[in-house]
Structure formats: C-alpha cells, structure tokens
Amino acid sequence: MRSASLVAAFAALVAATTASLPAHAASVEQNEAFQKQIFGRTIAKNRIHACFKRVYDAPHLASHPQQNVRTMTLLVTGKGDDPAMPTYDLGIGVTFRKSGSHFETYGSCGTIGDGTPQGGKANVVNCGVDCDGGSIDVTLKNEKSVLVSIPEGARIWKAGKPSDDEHDESRRFGSDDKLFRLDRTQLSDCLPLADDDDEKAELRKGQ
C-alpha cells in the first residue's frame, strides 16, 4: 500500500511539473520580449538599464492647469539569473511647476506574465513604491516611449529624505498627474537616480 501511494504521489508530481512547463515557457517568452523592447536586449548576468524623460513646455502646462509635474525622468533597471523570474526596479525623478526642488521616488516591480495581477500583461509592470508609498504602472507604448501611470499619486523624497510637507500642493502630484508619456533618452540623463557609484559607472558606459 505504501509503495502504491508513493507511485501515485510521484505520478501527481510529474503531472504537475509537466503542466507548469508551458506556463514557465510563456513567462520566459513574455519577459524576454519585454526586455528586448525596453532595454534593447535580454537580461544577462549584469543588470541592465533604460532611461526615459519628458519636459513639459509652457503651452502644455497652460493647457493642463491641474498638472503639477514639470519634468519627469524614469530609470528602469532589470536584473536576475532566472529568465522566467527577473526583477525590475524603477526610479522616478520629478520637478514641479511651483517648486524648484528635485524629488524622487523608487519602487520594485512584478515580473511579466507570471500569472499574478502584477504580471498579467505582457507589456506592463506594476511597481510598488517603497515604504507603502503607492503604486506605479509602466506600460510599453512602443520602442521609443513608455506610459507611466500614477493613479493615486506616490510618496516622494527630497534629497534622500521623505517630503517634509506632504500637504504643500506645490510639492506633490496634482489631480492631473495620473498618466505620463515619456520618451527614451540617453542613460546619462538618469544619473541622478542611480543607486551608487557602480550604477553611475554603468549608466555612463551605456549599460
């Protein structure tokens, strides 16, 4: 009886593993497609970066009076040894129209196509901002642009510290700061968002 039970258990394990293979292959395929579009190549042993930026001119801001963001820069970092389970991090730098200070926010993102709500779509990553600071979606628009969605705003930091006045409207996302189209730019534009000197060196090298 014990032998029969072991055989049945092994058969169930083999069946479950076999059933998971197509899902694993799909996850690898979706992640690699995402990486090629956003980074230009797939993740290898070293982390890889992409930088996007937008500067809103006076006419645009005049036509969107409730938009507080004047400039936005996005650094996306990919890393990980498992092709099916890479990790993506983001850093966002913003300046607001009525504040000359530079603010930042950082978060970690779900994988692509992993069967979770964070990875359900092949061209979207859902990112949680550090310290329970909200959520941000990054969607691939095309090879040159991404859409950054911040539906409920996000917690921001100034000079490495949490904003000291979250009720100051000149220093937070406005009611029209929900969706942004950012365009690809050179990696050196994202140097202020680099985590350390090693990452700054990678960005300068175009990695």
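Are cysteine 109 and cysteine 127 buried or exposed? Both of them are buried. Keep in mind that this is a predicted model, so here is a quick look at how confident the prediction is before we get back to the cysteines.

**Confidence**

The protein chain has a mean pLDDT of 78, with 73% of its residues at 70 or more. Strand S1 (residues 48-55) comes out highest, at a mean of 95, while strand S9 (residues 161-162) is lowest, at 56. Two stretches deserve some caution. Over residues 1-21 the pLDDT stays under 50, and the model shows zero contacts there beyond four places in sequence. Residues 114-119 also fall below 50, but that stretch does have ten contacts beyond near neighbours in sequence. Where pLDDT is low, the predicted coordinates should not be read in detail.

**The disulfides**

The count of disulfides comes to two. Here they are side by side:

| Disulfide | S to S distance |
|---|---|
| cysteine 51 to cysteine 190 | 2.1 Å |
| cysteine 109 to cysteine 127 | 2.0 Å |

Take the link of cysteine 51 and cysteine 190: with 85° about the S-S bond, it is right-handed. Cysteine 51 sits in strand S1 and cysteine 190 in the loop between strand S10 (179-184) and helix H3 (197-204), so this pair ties together parts that lie 139 residues apart in sequence. Both cysteine 51 and cysteine 190 are buried.

For cysteine 109 and cysteine 127, the torsion about the S-S bond is about 95°, so that disulfide is right-handed. Cysteine 109 belongs to strand S4 (residues 99-109) and cysteine 127 to strand S5, so the parts tied together are 18 residues apart in sequence. Number the bonded cysteines in sequence order and the pairing reads 1-4, 2-3.

**Around strand S6**

Strand S5 (residues 124-129), home of cysteine 127, pairs with S6 in the antiparallel sense over five bridges. Five residues lie between the strands in this hairpin, where cysteine 131 takes a positive phi near 60°. On its way to S7 (residues 145-149), S6 runs antiparallel again, with four bridges joining the two and a hairpin of four residues between them.

What stands opposite valine 138 in S7? That would be valine 148; valine 125, for its part, also stands opposite valine 138.

The side chains of S6 (residues 135-140) alternate: Ile136, Val138 and Leu140 point to one face and are buried, whereas Ser135, Asp137 and Thr139 point to the other and are not.

How values were computed:
Residues numbered from 1 in each chain as written. Predicted model: local features only at pLDDT ≥ 70, side-chain atom pairs only at ≥ 80, totals over all residues. Heavy atoms only, no water. pLDDT = per-residue confidence, 0-100. Contact = heavy atoms within 4.5 Å. Buried < 20%, exposed > 50% of the residue type's maximum accessible area, 1.4 Å probe, protein only. Pairing = 2+ DSSP bridges. Disulfide = S-S within 2.5 Å.
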